[in-house]
Amino acid sequence: MDKEKITELRTYRIIDNTLDELTKQNKNIESLTNRNTEMILKRLERIQKLNQTIIYLLLGVVGLLITILLG
């Protein structure tokens, strides 16, 4: 093989290895993103449940105050 072909093959190997590495990194980033999204959704669900509980408690307190004021 002549020098040009060898240089070309080396270049293609370097490009191939770089693409493989970038693909691995991309998969890792996607995995982390999915995990973070999952955690955020779980936190939002907990906050939503807490908000519902607070609303029911406030409604109960307001109902109790109305009962006391009218009673």
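This text walks through the fold, the surface and the charges of one chain. The model is predicted: local features need pLDDT of at least 70, side-chain atom pairs count only at pLDDT 80 or more, and totals for chains use all residues. Residues are numbered from 1 along the chain, and side-chain values use heavy atoms, without hydrogens and water.

The chain has one helix and zero strands (DSSP runs: H or I of at least four residues, E of at least two). Its radius of gyration is 31 Å, well over the 11 Å that the globule rule gives for 71 residues, so the chain is more spread out than a compact globule (C-alpha atoms; 2.2 Å times the number of residues to the power 0.38). The C-alpha box is roughly 105 × 10 × 5 Å along the principal axes. Helix α1 covers residues 3-70 and includes L22.

Burial comes next. Of the 71 residues, 0% count as buried (under 20% relative accessible area, 1.4 Å probe, protein chains only). Accessible surface totals about 7100 Å², with 63% from carbon and sulfur atoms (Shrake-Rupley method, 1.4 Å probe).

Technical notes:
Buried means under 20% relative accessible area, exposed over 50%, partly exposed in between (1.4 Å probe, protein chains only).
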